Amino acid sequence: MTTDHQVAFFLRELERGDTWRRAAAAKGLGKLGGSEHAAVLMRAAADPAPEVREGAAVGLGRLGVRAAGAKVLPGLMADDDPWVRRQASLASLRLGLRGREVVDAYARLLGDPDHHLRINALEGLLELGVPGDVPALLRLMGDPHYGIWGRARAMVSLFKDDPEVEAELVRTARWGADAARVPALWMLPDRHVDRLLPSLVKDLAGGPSSEVRCAVAFRLASRDRPQAQDAVFNALAAERDPQVATQLLFRLGRSGDERLLEPASRWLGDERAGPAAAAALGSVRGKAATRLLRAVLTDPATPAPILAAAATAYGELGSWDAVWLLLPLLDHAAPEVYAGALRGLDALADTGFRPWERAAVARALVPRLDTRPILVGVAERVLTGLAEALPGLRQLVDRTASPLVRAAALSLLDPHLATDAHTVDDLPLFVRHLDDADGWVRRTAARGIAHWVKETHTIPPGAERLRDLLTALEPDPAGFVREAAAEALRALDDCQNEAGSTPS
């Protein structure tokens, strides 16, 4: 059957076919027909059967005649049947319809019970560059469907400078339903927080949901006004909900305020709020905080999340026994405890380990570099400058299968960071890894050679072969490798020039 015959067939079916045949004919006519058939589909859009109206909406979207679509699709988007509304909105999007009637149609769909239609409405309004029904848009920030609340929040952020949107955001942050109020509080411009301060302080003291109180805590804790800070501390002292207490402790945890001591000690044993309480105690410092954290670290019944946070906080305190309490935790079965202990050691490394601690830290960490690759960067910071770690690192370089660990070990062997009696013998380790498959390892090896030459002031054995190996890295695909190789070549040139200018 030719296209003309098919079109003729569809036209006949639209006149005398049953409901389903008329609906199919409307869709088919939209696919194969021309602009001259737009009037036929417009008549079909008024058919008493919703299936035919749905087919007409699909057909108009396919036909591509915008003028015809603009006349009937906004009306179909208000149809009693949800499938008609859905296909009409999709056709409108497909045709890229514009105008006041289209905006109003999309705005109505923001409150449609069908979540697909709410999504279509948001997409249409975004395409048109207007917020539509502003109160409805703000309510959708609390919609249960991610595809809706995610789009709604993105649109509110996009239109945040619109006076109507800003005013509705303030209203929602103060009086909206909890689900929409939470994101509104997070998004509220700072200039409005002080104006709402009395209301927010009252809400923080109790009443709304825990999610709202957490959002209020976030906004108040970021304000440096005494009234706001006092309200957050008072709320923490009276709080009984672990979720809200966690948020309050987290927000106040870096203040170091002594008012944290009592509530933090009260929540320290709670599995949800305990980690935030431990971090808060670390900021308070003092004998009482140290004693509480030490008790947590030495109690075998302490849950892993609390133990991990306490380990990090105790390292930040820098207590005299911190190293000896943290090193055993590196063998804990829970990975998060290992991470917490390692971060505690990292904090101690900032001020430097005591002479009698250095070897113990090196012995504990070097073998574990190869077991927790995700934390290699933290371990590398802890071991930086520890000459006691160098013997183990020399063995690890060629033994590990992890490029990340190999690069870290070579970096720590760099004489620019730490040296011992065997540093002068490290050059072959760097040279062997100039052709490593991993770019970061090649970079680290080249930088190690550069620093080895600079620190030892020695022309390496086989300098010409080494120069050839470094020159071979000049076309390396990684720019950072090329830069490191160039640095090593300059170091060789400088060393050879110094040697040539030294009087014999």
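This is a chat about helix packing, one buried side chain and two loop residues in a predicted model.

Me: What are the ground rules here?
Reply: The model is predicted, so that local features need pLDDT of at least 70 and side-chain atom pairs count only at pLDDT 80 or more, whereas totals for chains, interfaces and linings use all residues. Residues are numbered from 1 along each chain as its sequence is written, and side-chain values use heavy atoms, with hydrogens and water left out.

Me: OK, where is Asn120?
Reply: Asn120 is found in helix α8, residues 115-128, where helices are DSSP runs of H or I of at least four residues, numbered from the N terminus.

Me: Buried or exposed?
Reply: Asn120 is buried because its relative accessible area is 10%, and buried means under 20%, exposed over 50% and partly exposed in between, with a 1.4 Å probe and protein chains only.

Me: And what does its side chain make a polar contact with?
Reply: The side chain of Asn120 makes a polar contact with the side chain of Ser89 at 2.9 Å; such a contact is a pair of N or O atoms within 3.5 Å, and within protein one must be able to donate a hydrogen and the other to accept it, while residues adjacent in sequence count only if both atoms are side-chain atoms. Not counting residues up to four places away in sequence, Asn120 touches Arg86, Ser89, Leu90, Leu93 and Tyr106, contact meaning heavy atoms within 4.5 Å.

Me: Switching topic, how do α4 and α6 pack?
Reply: Helix α4 and helix α6 (residues 82-95) pack at an angle of about 10°, with their axes 8 Å apart, the axes being lines fitted to C-alpha atoms over the stretch in contact and the angles running from 0 to 180 degrees between N-to-C directions. That makes α4 roughly parallel to α6, since angles under 35 degrees count as roughly parallel, over 145 as roughly antiparallel, 65 to 115 as roughly perpendicular and the rest as oblique.

Me: What about α4 and α5?
Reply: Helix α4 (residues 50-63) and helix α5 (residues 66-76) pack at about 140°, with axes 10 Å apart, and therefore α4 is oblique to α5. The contact is made by Arg53, Ala57 and Leu60 of α4 and by Ala68, Val72, Leu73 and Leu76 of α5.

Me: Which loop holds Arg285, and what is its phi?
Reply: Arg285 lies in the loop between α19 (274-284) and α20 (286-298), and its phi is near 65°, a positive value in a residue other than glycine. Arg285 is partly exposed, with a relative accessible area of 41%.

Me: And how exposed is His457?
Reply: His457 counts as exposed because its relative accessibility is 58%, and His457 has a positive phi of about 55° although it is not a glycine.

How values were computed:
Helix = DSSP H or I, 4+ residues; strand = E, 2+ residues; numbered from the N terminus.
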